[in-house]
Amino acid sequence: MSGSVQLRPVGPSAVLAEVGDAGSALALATWARAHHVPAVEVVPAAETVLFDGVADHVALTALLGGWQPGERPAPGPLVEVPVVYDGLDLDDVAARWGTDVAGVVARHSEVEYVAAFCGFAPGFAYLAGLPAELAVPRLASPRPRVPLGSVGLAGSWCGVYPTASPGGWRLLGRTDATLWDVDRDPPALLAPGTRVVFVPR
Amino acid sequence: MNRLHVLATGPLVTVQDRGRPGFAHLGVPRAGALDAPAAALANRLVGNGPDDAVLEVLLGGLALRADVGCWVALTGAGRDHPVAEWLPAGATLRVDPPATGVRSYLAVAGGIAVPPVLGSRSSDTLAGVGPARVEAGAVLPVGEPRGRPRPMDAPRPPTPGPLRVHPGPRADWFVADALARLCAATYVVAADSNRVGLRLEGPALPRRRDGELASEGMVRGAVQVPPSGRPVVFLADHPPTGGYPVLGVVDADDLWQCAQLRPGEQVRFTPAPPPASAAARR
């Protein structure tokens, strides 16, 4: 993990904080929100946090100077996501992991994940927690349509498609959980910081 | 409640207000009127507040009628001296294709009163958040007018000019003079430009380093440079995160011009003054 925060200006009203990894980015974003950071948007990503809509750069810089990179936020809420493991890529992932389908289900569902950040589509969370040695490459060419609720892997990320869309993640199964609902607060079931476990059905 | 009956649309008509800030971390684009000063002027002409929703009309082709007579104003593309007009009940209002520019804004006294989604009535064309695009046959609710429009006290429209560009977060991914090259060249607006981004053709902006940038948060006005070297200026419906390096950021006060540039038209960039003098300028 990076021991410091590098701030990069993004035009006159935004700042990109570089922290080196997704865990630190989530920690900084959570900490900054809890400390009422003077920004309209706080967007954690794979190695950075973007603060956009910053009126007072001096106040932002002073606040971020108070963050300890080792600091981790209190655990977020835990969400159980029921999964029917019948994905198109189960056999492929089993071969890559040197196991069978039952082994894939066991390994995938024994991990407690945490939603690090959202991207790609509203409510699409990048879930961290899969051991690095279980990383799988994306499909060489994305499928034109991945059904809503599909649970997949890309690299060591796990993700659940909140809507049907094209996609290149390797699919393990599907859930009927509602990932995205604009009438719910928050609308994303797996907002950054949420802990996630998958429960085989 | 007054209602608008949409008889016809052109290539794209959407409902827009000032957008949906605060949800980028959930993957939701901000959306909002692409030519924000034009939308604000239209609202002001009919006596609306700044957060009322208007119709954004790409080129022309919109035709509609109102159940009840109402004040309307059309601003934006090629309309230098817009005024509020009375649209009688049952009369047909048509938005013809403009001679110059791309997007027109139709404000109706009371505002377009479709239900807000996450605090905004804006249609986001990338992720589909907010009201659906307006199609022929649609019936749009109109809010209660706040009163008659006041005599003209409209601000002077902004003046077009080169897009002022601030340094971006990843200038170090490009050759040292990349920002100067961007500002020295003339770019041409590509046909696949839309509410997500103004796509440009012209001299490529070479990178100094290879490899992939980890996906990171993006801002409106970001000049993102994909491997082709053809820059894209991110507009209201841009994805909240992206994986190509950002060389510069177009000043927010100049983004309205990106809403009005036609494919084939030329674009120039100029270095923005540093923040201190920019504050003095305003």
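This is a short exchange about how some descriptions of this predicted model are reached.

Reader: What makes β2(A) largely enclosed by the rest of the structure?

Author: A residue is called buried if 20 or more other C-beta atoms lie within 10 Å of its own. In strand β2 of chain A, residues 14-18, 4 of the 5 residues are buried, so the strand is described as largely enclosed by the rest of the structure.

Reader: How do you know that β1(A) and β2(A) pair, and in which sense?

Author: Two strands pair if at least two bridges are found between them, and strand β1 of chain A, residues 6-9, has 4 bridges to β2(A), in the antiparallel sense. One of the bridge partners can be named, since Q6(A) is matched with E18(A) in β2(A). The hairpin of these two strands has 4 residues between them, and G11(A) takes a positive phi there, near 70°.

Reader: What makes β2(A) and β4(A) a pair?

Author: The requirement is again at least two bridges, and β2(A) and strand β4 of chain A, residues 48-52, are joined by 5 bridges in the antiparallel sense. V15(A), for instance, has F51(A) as its bridge partner in β4(A).

Reader: How do you know that domain 1 and domain 2 of chain A touch?

Author: Contact requires C-beta atoms within 7 Å, and 8 residues of domain 1 of chain A are in contact with 6 residues of domain 2 of chain A. On the touching side of domain 1, helix α1 of chain A, residues 22-34, gives the most, with 6 residues. The residues of that side divide into 6 nonpolar, 2 polar and no charged. The assignment places domain 1 at 6-64 and domain 2 at 78-200, and their C-alpha centres lie 27 Å apart.

Reader: Why is helix α1 of chain B called largely enclosed?

Author: With 9 of its 10 residues buried, α1(B), residues 36-45, is largely enclosed by the rest of the structure. The buried residues include L41(B), N43(B), R44(B) and L45(B), and the buried residues of the helix pack against β2, β3, β5, β6, β8 and α3 of chain B. After the helix comes G47(B), with a positive phi near 85°.

Reader: What is the confidence in chain B, and where is the pLDDT below 50?

Author: The mean pLDDT of chain B is 93, and 95% of its residues reach 70 or more. Over residues 277-282 of chain B, however, the pLDDT is below 50, and this stretch has 4 contacts in the model beyond near neighbours in sequence. The model scores ipTM 0.94 and pTM 0.93.

Conventions: Residues numbered from 1 in each chain as written. Chains lettered and ligands numbered in written order. Predicted model: local features only at pLDDT ≥ 70, side-chain atom pairs only at ≥ 80, totals over all residues. Buried ≥ 20, exposed ≤ 12 C-beta atoms within 10 Å, placed from the backbone. Contact = placed C-beta atoms within 7 Å. pLDDT = per-residue confidence, 0-100. Domains from an automatic or database assignment. Nonpolar A, V, L, I, M, F, W, Y, C, P; charged D, E, K, R; others polar.
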